[in-house]
Every structure is written in C-alpha cells, then in structure tokens.
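Student: Could we work through this assembly one question at a time, with each answer argued from the model itself?
Tutor: Yes, please put the structure up and begin wherever you like.

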Amino acid sequence: MAENQRTGAPLALRRRHHSASCRELAVRAPRLQLRALSTLTSAVWLAAYGLFVLCENSMVLSAAIFITLIGLIVYLHFVKVDQESLLIIGSLGIQVTSSYASGKESTTFIEMSQVKDVVINEAIHMQKIIYYLCILIRDPQDPQGVSEVVPLFQSSKPRLDCLIEVYKSCQEILQQRETAPQSSEIK
Amino acid sequence: MAAPAAAPARRRRRHTVCMVSDFFYPNMGGVESHVYQLSQCLVSRGHKVVVVTHAYGARRGVRYVTRGLKVYYLPLRVMYNESTATTLFHSLPLLRYIFVRERVAVVHAHSSFSAMAHDALFHAKTMGLRTVFTDHSLFGFADVSSVLTNKLLAVSLCDTNHIICVSYTSKENTVLRAALDPRIVSVIPNAVDPTDFTPDPSRRDESTVTVVVVSRLVYRKGIDLLGGIIPELCQKYPDLHFLVGGEGPKRIVLEEVRERYQLHDRVRLLGALEHQDVRNVLVQGHIFLNTSLTEAFCMAIVEAASCGLQVVSTRVGGIPEVLPEDLIILCEPSVKSLCDGLEKAIAQLRSGTLPSPETIHNKVKTFYTWRNVAERTEKVYEKVADEVVLSMSERINRLISHCGPVTGFIFAFFAVLNFLFLLFLRWMTPDSSIDVAIDATGPKGAWTKQCFPGKKEKVKEVLNS
Amino acid sequence: MVLKVFFPTCCSSAESGILIGRWISEQSSAVVLAVVHFPFIPVQVKQYLSHVQQVTKIKVSVLGSWSNSKREKEESLSKFLEDLGTIFAHEPWIQISKEGDSKFWSCSTLQKESNSSKEEEIILVYYDQRKVMLSQLHPPANTSTDPKADDASKLTAVFDTVANSKILFMTDKYDDGPVKLTHWQSDGVEASIIVELLKQASVPVCLLLTFLLSLTSVVCKSRMLKFWPLSFLWSKLSTCEQLGHRLQHLQIISSSKKAQNQTQLMRKANIFVSLLIDVALGILLMSWLYRKSRIGHLADTLIPVADHIAKELQDLLQWLMGAPAGLKMNRALDQVLGRFFLYHIHLWISYIHLMSPFIEMILWYVGLSACLGLTVALCILSDIIALLTFHIYCFYVYGARLYCLKVYGLSSLWRLFRGKKWNVLRQRVDSCSYDLDQLFIGTLLFTILLFLLPTTALYYLVFTLLRLLVVVVQGLIHLLVDLIDSLPLYSIILRFCRSYRLAAGVKFRVLEQKQGKPLRLLMQINPLSYGSLVQRYRLPTCSCYPKDSWTSLCRKLFFGELIYPWKHKGEKQD
C-alpha cells in the first residue's frame, strides 16, 4: 500500500506495494516537451516553405504537413514510451508493461516457473556502456541454463541507483518464492 | 624508524589500471598472455584492473574472467590481423565512457601493432590521464612501411609518461625508432608460469629424435626457413621427426614440403593449439627449434627450456638475452646455419652430454616469474602516478617540437580536434551522468565482500556460456 | 505457498451456494467453474460431478462455499457453511463471502487435518469465463513444444480446465435440472441453426469438389505430360506452378478429414478466405478488362511498345559499336559482337511481327484466366513479360558466358605468373615451376585476354543492367502473388474482430485494495500481436527465392555467373 516517489533527474520511479507478495514499480519518462515539438514542426515547415519558394510547387507544402502529421502519430504510437512498469506477483509471475504516449499498452507476462532470476547486467548500447535490469528465463530442457534474457526498462534506461532499488524489491519477492517450498518440505 | 614506516604506506597505494590492447583472449599469442597474466597478478596484489579490447566474433560486451577481471569487448571494426581500423576519433566516446565509469587513473597500452592501443593513448592524454605503453615487438628502419610506422610511434610515444620494453634490444630499438629519452624507458621481461611447463621425460620417444616447433605459421616466424631445413635434415637423419604446432597462412609451405619429400609419417602438423595443450606437445620432443626472423622477447623458447628441451634458435632481436649460453644454441637466420645448429644439438643428444630436463627446468624456473613482472610494473605505476600530466598547450608544444614540422603540426591539430570532440561529448553526457561501475576487484571490490545480504553477487555474468 | 482462486466474473452476483471447479494442487490454485445454489441434495451434486468428470476427463470437485448475503452476516449460516466442508471432503476448504455490495470479499481456508493456524495468503483472480473458454493460447514459439513437457505453465492448465469443461456450460439457464448452477451461459441459439444448416450443405459440395479435383490431378499426372520438353516447360512457367499450388489448396479445403487441431483448422480457414478473396479480385479485374474493349487497346499498344524497345536496343548497340562514352575499344571484337547482337534483334522483330495478328485473340483468351484468381492473372503477366524479353535474356547469357570465360582465363594465367597453380584434388593453390615455353604462351594469352577484357566487360555490363531491370519487374509481380498467397487473412480478421480468440498470454490488473482483505487481480487476455500472428499462420508459398545474400550476388555478378533463373535441381540453364 505504501506509495512513494523517488525523483532522479528527469525520471521518476514510483513504487506501490499492493500486498506482501505483490509489488508494482513504474518508471515514468518525462512528458513530451511542447517546445521541442513545436520547434521541430516549425523547422520542417520552414524548410518546406523555402523549397516552395524555390520550385513554386504547392505540393511541397501539403506534403510537409502530411509528413509531420504522420511522423507525429508514428512517434507517439510506436516510439515515445510514457511509462514502463513492472508488476511482480509472488507465486504468479512478472508482468512488464510499457505504455506509449498515445495510450497504447504492450504487456508481457512471464510466469514465475519460467523466471530464473532477475539481475543487473552491463551492456554496450550505442556509444555508451550502461547497466540494465533483465529477467533470465529458464531453459525448459536444462534447469541450470538460461534460454532467454528479457531486458527491462528498455526505453527509459534508468540509472544504476534506480535499478538497484528495483532490483532489491524484486529480490525480496523472489526470495519468498525460494524459501516457501523449503519450509513446506521441512513441515 | 620513520623511513620504514613510510615505505609500506607508499606501497599500500592502489592503482586503477586500464589495459588496452587489440590482442586478448580468445586470440592466442605472447601479447595476449602477457596482458592476461600481468592483470591477474596485479589484481591479486590488490589493484583494480580492467582490460579493453575489441569484439571477437560473438564475444562482445562486458565479460568477467578469473578473479573478477573485467574485460570490455568493444564493437569496433577489425581491419587487418586482428587490429582495429582507426580514424583516431571514433573510439573516443566508448573509451571515455569506460575511463570515466571505471575511474581509471593509469592507461596501460600494449603492442605497437595495436591501433586501439595507440587510440587509447591519444584519448587518455586528451583526458589528462597517465599513460604507460609496453612495446612487444621490434621493427626495422629501412623500408617505407617501417619509416611510416616509426613516425607514428614517435608521435604516439613522445608525450607518453612511461614506456616498458621486454628486452634490452627492444629498448634500444624503441628508443631509436621513437627518438625517446632513454630514462623513461624501462625493461621488464616477459615471464612464463614455470608450474605450467614442467618436464616429463617419460613422454619422449627415445628411439627417435623429435624436433618441436611451436609458433604461429607466419612469415615473421621464419616458416620458409623451416621449409628448407626439414628436407635437408630428414635426408641426413632417418630417425629424425618434426612436430609442428600452430596455424597460419604459411602452413601450405610445410604441407608442400611434406608431400614433395613424402614425410607424412615424420612431419606432423598439429594445427592450432590451445594454451594448455602447448606443454603436452613440448614434452614429446628433445629439441626445440625457433626460426623467428624478428623477436623482441621470445616466450616460446623460455617455455620450451622450462619443459627441459634443448633450444636451437636464430640470433635475432632480444633472443640472446633471454637464456644463458649453455641452454641455447644460437644460429644465423639461414637454412645452413640452422642446420648446423640442429646437427650440433643432435650430436650432443646422441653423446648424452646434454643436461637432464630436470636440471634445465630447475635452472629456468627461477629466471622469469609473473610476480616479479607485476612488482616491477607496479613500480612503474608508482613513478608515473607522481608525475604530472602534460597540459594541452605543453602537449601541443611537445608534439610540434618533437615530431618534425609537418607531422607535428598535423597531429597537434588532431589533438586539438580530439579535445574539442571531448568537450562536445562532455556536454552531451556530462561525467556526472555516467554511472560509476561496480568494482569486482580492487580495494572496494564487490566480489570480495558481501554487498547485499542474501544474494551472493550483485552483477552476474549472464552471457558467458 | 500462496493460494490462488480463479473466480469467474459472471458468478460474482450469484446466490449463496457451493463452489465447484478444479483444484490444481501442484500450483495450489483453485479454478472455480460454477456455483451450485442452495438448496441441493449432496448426493445429486456428487452424481452430477461424477457425470461431468466422465465426459470432460477433468477432475471437477467441490472446492468450497460461497455466501452472498445481502444483509448482515448470519452466524448460523457461516456455521452451516463450515459444516458443509465435512460433507464434501476437500483439502483445503475455501470459503468466500461477499457482504452487501462490497467489492472486497473475505476469503479464508480451512485445513482440517493439520491444524496449523498459519494464515495463508490468498489471491483472488477474476476471469471472464467466456473469453477464456474460447481463446486459443499461443505460447511463445521459441520454447520447445515437446509434448512431454507437462510441467507446463500453470496458465495453460487453467485455460485447459476452462476450455474442457464446456459441457458444464451446455445446460441452459431455463433447464430444470436437479442442481441449480450459475456460470456463463450462451445466448443466441438461432444463429447456430443457420451454421448447422450450412455445415450440412457443405458436405455434398465438398464431395463434388473432391471428385473433380481427383479427376484433374489424374489428368495432370498422366504420362502424356511427363515427357521431357513439356515437363521442362511446365517448371519454367510460373503460371503452371501457381495453378498447381491452388490445386493443392483446394484439395486441402475439400478433404473430408476433420482438422485435428486448432492450427490445422486455422490453416484451412486461412486458405479458404485467401482463395475467396483472390478469386473475387480476379473477377473484378476481368470485369474491368472486358468492358469497353480494353483488350483491343492493350493489344494495339503492345506491338508498338515491343517495336520501340527493339529500336532502342538497336540504337544502344550502334552506340556500343562506336566509342561509347569516349572509351576506345578493340574495334574488331566490338564490331563482331555488335553485329551478332543486331542480328538477334532483327530475328526478334520479325518474330513479333509474325505474331501481331494473333495478339489480340491470345490476350482475350488469357484474360479469361483471371476468373481463376488474381494471382493466376499476375503469373500469366509475368510469363508474358519473360517471353517478350527473351532476347534480352539471350544477350545477357552470351555476354555473361564470354565475360566469365575471360575472367577465369585471366585468373588462372595470373596464377601461372606467380608460379602457382590450382590443385583440383586438394582445393587449394600449390606452388609449381613452369617451363619457359609455358610461361611465354601464358604471358601472350594473358596480354591478349587483358586487352580484350574491357570490350566484353562493357557489353556484359550493359546487358546485365537490362536483365536486372526485367528481373526486378518480375520479382515485384511475384512478390505481390506471394503476398496474396501467404497472408493469413482469416486469422487477421479474427484478431481484429475477436481479439481474445488468439491469445499470446494473459495480463493482470491490480484492482482496488483494502487492508485485511485478499489481493484482487483481474485476468485479461493479451491478444497476439499482428506481427507474430502473420509469422505463425503464414501459408507456405510455391516460389523459390534466391538463397544468395547481397554480397554473394555481387560476387556472382562480378565473376559473370548467371544470376537468374538460379540453378535448382541441377537443371541446365541454356
């Protein structure tokens, strides 16, 4: 039930404890900057107007408007991620949701039996070396092996201190899972 | 009493070193094992070491090897002979990121063949870090390519804090090529792990005489000479066998020789050898043959001698310094001279005047140890850490005054460009927004102490499988 | 272990009673299927359950009690509910009670044998019974689908339970059975009557189709058409391949065998819909073609176009025979090659003119084939293009052969220069010492070939570009045909209209919480994304794409190897 916010630079981490074994962690990216958007649009339109003056074809102007509109829709619908959240339900599974600026949500649910572990790993990304959180999926053939790595928070890429906090929360719940079968065996 | 108390305090100092070289495991060779062993020894002495190299096939990203040594395999394009292509600038963003996140104080570059090492030196100097360079190879002075590479080396080394060479010949060569002040050049030889190379006379076939050659089959290693020696000696000694380990473009020369003289049962080509298999090949022979045309410090002959073999080698580069006279037969790099040397070795073997493998091993194992190398390298770091790094203006002055008017100006210009690029990168991603890497080793290592209760280690290696 | 109760949303307003469903002990989850109302006779309930168990092969049992009290909680009722647990022995006995219109239900379990007072955590998961029953779960493709992996996920178990217990839902709301149940009930019996009628009608249609198809396939397989020149011709014409492909599709649809599983059913439906749309498009095209005598116009323009192309080619050859782009070529070779190609064009033009009176008729008949589907029409178009540009193909082959010969000659002579030779047995380059005569002749030949190379290379370049143009046009047509052939239209429509039918998995939503009450989750169905849908249900296509990557294509072009039609089945090309 506890709800708290931790703001590091522009990203906000929101934690929500629904119950002892159910937790939701959401990383919210900054909202779309109106200034950047309008600058870009006006830049494109100015360039189109320049072209129009040069070649005196009004097609250019309508094409520019069309392209900016399509671009904006594509950007909002497929690129700009508003919030990425991680819902961990002990004994049920981990659900990863990323909601786009247009309201579209894409969700993946990974069952607890498939989850091997949640770890922080390092990777070279573009011209950077970043830490990222990932879920290791158990290989059905080989219980020790890892068949797949699902990276989390792919678009917001939070920094290490935020990742560690998420990691600790995840591990607390994952440990309940590990201890539970043992205690029943003892009993 | 004050002096001894101060000395340990000085020795306590921990360094954060970044080894940069194009050559690292899984590639095999002298430089690779040097970097690896040196890093391991430094790690066990409490320093923090990271290794930076380029990606080898699917091996890219960040990996950990033994004792938590962190290796960055950067996705840079390989141009020739496992050396990366260089534009002098394109590797700056990644290298800067690594230097900042690992809080590197000393950048230690290896091998003058490695473009990445030179790049790293260039960037480290721009960023104001201390630099050390180890030269592993010898060069000529005469032909056009040597003149060019020597010029580049001079540019690269003129403002480097310290240079390490592996033998006195190599030091002489480097000082001449790069026009350096000999006082900033140290000699630290390579080493072998004597416990890895122990003799085992029972593995030898006493009914024959076996000559072992272990090297990459390339021109520099004198494989063409070997192709001349094999038929000549095989005709003379019917019980002579050759065992060749290694792979390379010159393999075809040996295959042709083998087919032409029908020596399939006497010349065995083993192909590429894993490092742990080298000893098993070495102990099968009586004589070790090295036909290199140029060599700064030949680790192969030390390994062979440590296995108790009689060594026959060419007298080139730093080889004469490596082993004492009684353990090695030195020849000129020609077929005739090498044949004479081998015949002498065979005669000694037949007459039984050779010392036993055990005595050779016991003698050699005291010569070169990695612990010694690490201690001496540590001293270099100590020295470098006290020096001041040249400021930008001083560096440009040094470049112009040191490297000739044309080259100097060009590279001074490049240095300025690089600095501007660095400023741009600092503006794009400020140092404060770069996460500090969690150390696996060193004084604050996460692997040595429990960072989080319950979980063994925080950062796990995932992809290494 | 946390106890999970899967509760259907339609039962939330049911009257008090007992919960029946399946207990999955290894996951400690209970799937509630229905609520049996008071009053009931325990024996009848047990009988009913055993009947259901026989039919559905799943272990349905009484899981616990359900109380929905509008007013204050009655002490006697709760005692009674606890006592029920002794009648229907179940471990653990689940008690869910709803008070008034409160959203938060209280939920508790009773362990009789081990009197552990340890309070177990309970999660209430609501699900939509109808959607879960109808949806088809698609596990990610990369996890191996070996049948023995029965440790499978718990979700699959839940889905299977609900889907298999269809028999429970067959009973109507108004049926007067011995036990009164609340669960999801279907409404809309009228539509299903029409479907039933259609099903009955389709049987004779299918039989007729099968008969016709077997007849055609017998004719196709007859000995007459198997002789060498004909079979070779068939394999080269894309129309024939497309027709064969469609024939196979028809056979699949009309086969009287019942589809064994969901995938095959979907495949059949996809083929059917794509066939339907294909034919509809084809008829649309035909109706467009035959109106206002468009065929005649087409035929009238076709001949001048062919003439024009031939003219352009002649001009191009004339240009090549001079000094193209200021290049100085070997004059004699240039003339020979140019004349050779000019003669070919001449032949071609006369051939076209011979054909011209019949073109309109041919087109008219060919146009009829569009009623077999748009894809067939497109394939015929592609074949016509191939026939009309046969001369370009010939030029390309001649040029490529010549060029290839020269390149190989040069490369082997270059080896001779360096004192090497190609060892065929070992597939490697060996060193070899040559005589003086051999070297002399080799040098002479090398020089001649080297100086003649630019002329051949130029001809090769020009004709390769022309050929590539034709190949690209044909490739685009085939791409379109493949798109129509392979798109799983039925699945896409299904995904669009009834997105829950094709599930990639589930997603959970956390509902409002209250202290002391169990965690409430809403299970929703996560539909399959369009990309993975197309990937999973894509129909196989007939055409073979080149396996070459771009680099190997460029390599082939450089060394003058023929790029298209690529060699398959070891056939000769020219």
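Student: Which span, end to end, does helix α13 of chain C reach, and what would be expected for its number of residues?
Tutor: In this predicted model, α13(C) runs over residues 374–388 and so holds 15 residues. At 1.5 Å a residue, where the count used is one less than the number of residues, the expected value is close to what is found from the first C-alpha to the last. Both the reach and the expectation for α13(C) are given as 21 Å.

Student: Which elements are included in what covers the buried residues of α13(C)?
Tutor: The residues to be covered are Leu374(C), Thr375(C), Val376(C), Ala377(C), Leu378(C), Cys379(C) and Ser382(C), which are buried in α13(C). What covers them includes three helices of chain C, namely α8 (238–254), α9 (262–289) and α15 (436–486).

Student: α9(C) appears in that cover, so which of its own residues are buried?
Tutor: α9(C) has 28 residues and reaches 40 Å between its end C-alpha atoms, close to the 40 Å expected. Its buried residues are covered by elements that include α8, α13, α15, α16 (489–497) and α17 (530–537) of chain C. The buried residues themselves are Arg267(C), Asn270(C), Ile271(C), Ser274(C), Asp278(C) and Gly282(C).

Student: What share of helix is found in residues 201–220 of chain C?
Tutor: An unreviewed UniProt entry places "transmembrane region" features on chain C, among them residues 201–220 and 336–355. In the model, the end C-alpha atoms of residues 336–355 lie 29 Å apart, with 100% helix and 0% strand. For residues 201–220 the ends are likewise 29 Å apart, strand is 0%, and helix is 100%.

Student: Where does the largest nonpolar core lie with respect to the domains of chain B?
Tutor: This core has 125 residues, and those touching the most other members are Cys18(B), Val52(B), Ala120(B), Leu282(B), Ile301(B) and Leu342(B). Because domain 1 (13–191 + 373–433) and domain 2 (201–367) of chain B both give residues to the core, its place is between them.

Student: Which residues does Val52(B) touch, leaving out those up to four places away in sequence?
Tutor: Val52(B) is among the core residues that touch the most other members. With its sequence neighbours up to four places away set aside, the residues it touches are Cys18(B), Met19(B), Val20(B), Tyr72(B), Leu74(B), Ile98(B) and Ala120(B).

Student: How many residues make up the second core?
Tutor: This second core is separate, and its members include Phe6(C), Leu19(C), Ile123(C) and Leu502(C). The number of residues in this core is 78.

Student: Is Arg103(B) buried, exposed or partly exposed?
Tutor: Arg103(B) lies in the loop between α3 (92–101) and β7 (106–110) of chain B, and has a positive phi of about 55° although it is not a glycine. Most residues other than glycine have a negative phi. Because Arg103(B) has 13 C-beta neighbours inside 10 Å, it counts as partly exposed.

Student: And is Gln262(B) buried or exposed?
Tutor: Gln262(B), also not a glycine, has a positive phi of about 50° and is placed in the loop between α8 (251–260) and β13 (267–269) of chain B. Since Gln262(B) has 9 C-beta neighbours inside 10 Å, it counts as exposed.

Student: Which residue is joined to Tyr25(B) by a cis peptide bond?
Tutor: Most peptide bonds are trans. Here omega is about 15°, and the bond from Tyr25(B) is cis. The partner is in the loop between β1 (16–20) and α2 (30–44) of chain B, and that partner is Pro26(B).

Student: Which element gives the most to the side of chain A that touches chain B?
Tutor: The contact joins 17 residues of chain A with 16 residues of chain B. On the chain A side, the elements giving two or more residues are β7 (115–125), β8 (128–138), β9 (146–151) and α3 (160–186), and that side divides into 10 nonpolar, 4 polar and 3 charged residues. With 6 residues, the element that gives the most is β7(A).

Student: How far apart are the centres of the two domains of chain A?
Tutor: Chain A is assigned domain 1 (3–32 + 80–186) and domain 2 (34–78). In their contact, 6 residues of domain 1 meet 4 residues of domain 2. Taken over C-alpha atoms, the separation of the centres is 38 Å.

Notes
Residues are numbered from 1 along each chain as its sequence is written. Chains are lettered from A and ligands numbered from 1 in the order in which they are written. This is a predicted model: local features need pLDDT of at least 70, side-chain atom pairs count only at pLDDT 80 or more; totals for chains, interfaces and linings use all residues. Two residues are in contact if their C-beta atoms, placed from the backbone, lie within 7 Å. Helices (H or I, at least four residues) and strands (E, at least two) are DSSP runs, numbered from the N terminus. Ala, Val, Leu, Ile, Met, Phe, Trp, Tyr, Cys and Pro count as nonpolar, Asp, Glu, Lys and Arg as charged, and the others, Gly among them, as polar. Domain bounds come from an automatic or database domain assignment. UniProt positions are given in the numbering used here, feature names are shortened, and annotations may be inferred rather than shown by experiment. A residue is buried if 20 or more other C-beta atoms lie within 10 Å of its own, exposed if 12 or fewer, and partly exposed in between; C-beta atoms are placed from the backbone. A nonpolar core is a set of buried Ala, Val, Leu, Ile, Met, Phe, Trp, Tyr and Cys residues joined through C-beta atoms within 7 Å.
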